[in-house]
Amino acid sequence: MNLQENIRRVLKEETEKFDKVEHFVKNANILFSKLKFKAVKRVEFEYDERIEGYNVNIFYDRQFAIDNPKGFNKVKQETIKEIGSIITRFFPFKFYIYLYDD
């Protein structure tokens, strides 16, 4: 295989990988936008090339946390467990979950 064929093959593989990543991120964001979790405003996915996996960003409702300080931690733990369960059950990729208030 010559250099030109090697370059073509690598570019094709990278393009296919990028297309799969874009397709997955789009579909995962659509899916999770339709699911409702207590105290969660939104869930977003993004691909991280450094880890060759996905960041799952969970944005919590800041006002819910202020209004329910004692119950918020329990709700947060249950939500992370539920979202993590959905992700690991349906998506065979590496994930890191990050929490934010919004």
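Before you click anything, one piece of vocabulary: a residue is called buried when its relative accessible area is under 20%, exposed when that area is over 50%, and partly exposed in between. So E44, at 31%, counts as partly exposed. Keep in mind that what you have open is a predicted model.

**Stop 1: the sheet**

Switch to a cartoon view and find the strands. There are 3 of them, forming an open sheet in the order 1-2-3 with mixed pairing. At the edges you'll see strand 1 and strand 3, each pairing on one side only. On average, neighbouring strands of this sheet are turned by 20° against each other, ignoring direction.

Now colour strand 1 and strand 2. These two run antiparallel and are joined by 8 bridges. They make a hairpin, with 4 residues between them. Select E52 in that turn: its phi is positive, at about 50°. To follow the pairing, try V43, whose bridge partner in strand 2 is I58. Then try Y47, which has Y54 as its partner in strand 2.

Next, add strand 3. Strand 2 and strand 3 run parallel, with 7 bridges between them.

How many residues of strand 2 are buried? The count is 8 of the 8, so strand 2 is largely enclosed by the rest of the structure.

**Stop 2: a helix on the sheet**

Select helix 3, residues 69-90. Helix 3 packs on the sheet and touches strand 1, strand 2 and strand 3, and its direction makes about 150° with that of strand 2. Zoom in on T79, which is found in this helix. T79 is buried, with a relative accessible area of 4%. Leaving aside residues up to four places away in sequence, what does T79 touch? Its contacts are F37, K38, V40 and Y60.

**Stop 3: the aromatic rings**

Time to show some side chains. A pair of aromatic rings is described by the distance of the centres and the angle of the planes. This model has 11 aromatic pairs. Start with F32 and F45: the ring centres are 5.2 Å apart and the planes make 50°, so the pair is tilted. F32 belongs to helix 1 (residues 3-34) and F45 to strand 1 (residues 40-48), so to speak a link between distant parts of the chain, 13 residues apart. Both F32 and F45 are buried.

Now move to F59 and Y100. Are their rings stacked or tilted? The centres are 5.1 Å apart and the planes are at 20°, so the pair is stacked. F59 sits in strand 2 (residues 53-60) and Y100 in strand 3 (residues 95-101), so the pair ties together parts 41 residues apart in sequence. In the sheet, too, F59 stands opposite Y100. F59 is buried, at 12% relative accessible area, whereas Y100 is partly exposed, at 38%.

For the wider view, select F24, F32, F37, F45, Y47, Y54 and F95 together: they form one aromatic cluster.

**Stop 4: a charge over a ring**

Keep F59 on screen and add R42. The charged end of R42 sits over the F59 ring, 3.9 Å from the centre of that ring. R42 is partly exposed, with a relative accessible area of 33%.

**Stop 5: the salt bridges**

From R42, look for E44. These two form a salt bridge, and their closest N and O atoms are 2.8 Å apart. In total, the model has 3 salt bridges.

Another one joins the side chains of D48 and R50, at 3.0 Å from N to O. Which of these partners is buried, and which is exposed? D48 is buried, at 9% relative accessibility, while R50 is exposed, at 77%.

Finish with R62 and D101, whose side chains meet in a salt bridge at 3.2 Å, N to O. R62 lies in helix 2 (residues 62-67) and D101 in strand 3, so this pair ties together parts 39 residues apart in sequence. R62 is partly exposed, at 42% relative accessible area, and D101 is partly exposed as well, at 48%.

Terms used. Residues numbered from 1 in each chain as written. Predicted model: local features only at pLDDT ≥ 70, side-chain atom pairs only at ≥ 80, totals over all residues. Heavy atoms only, no water. Phe/Tyr/Trp six-rings, centres within 6.5 Å; stacked < 30°, edge-to-face > 60°. Buried < 20%, exposed > 50% of the residue type's maximum accessible area, 1.4 Å probe, protein only. Lys NZ or Arg CZ within 6 Å of the ring centre and 35° of its normal. Salt bridge = Lys/Arg side-chain N within 4 Å of Asp/Glu carboxyl O. Contact = heavy atoms within 4.5 Å. Pairing = 2+ DSSP bridges. Axes fitted to C-alpha atoms, helices over the stretch in contact; angles between N-to-C directions.
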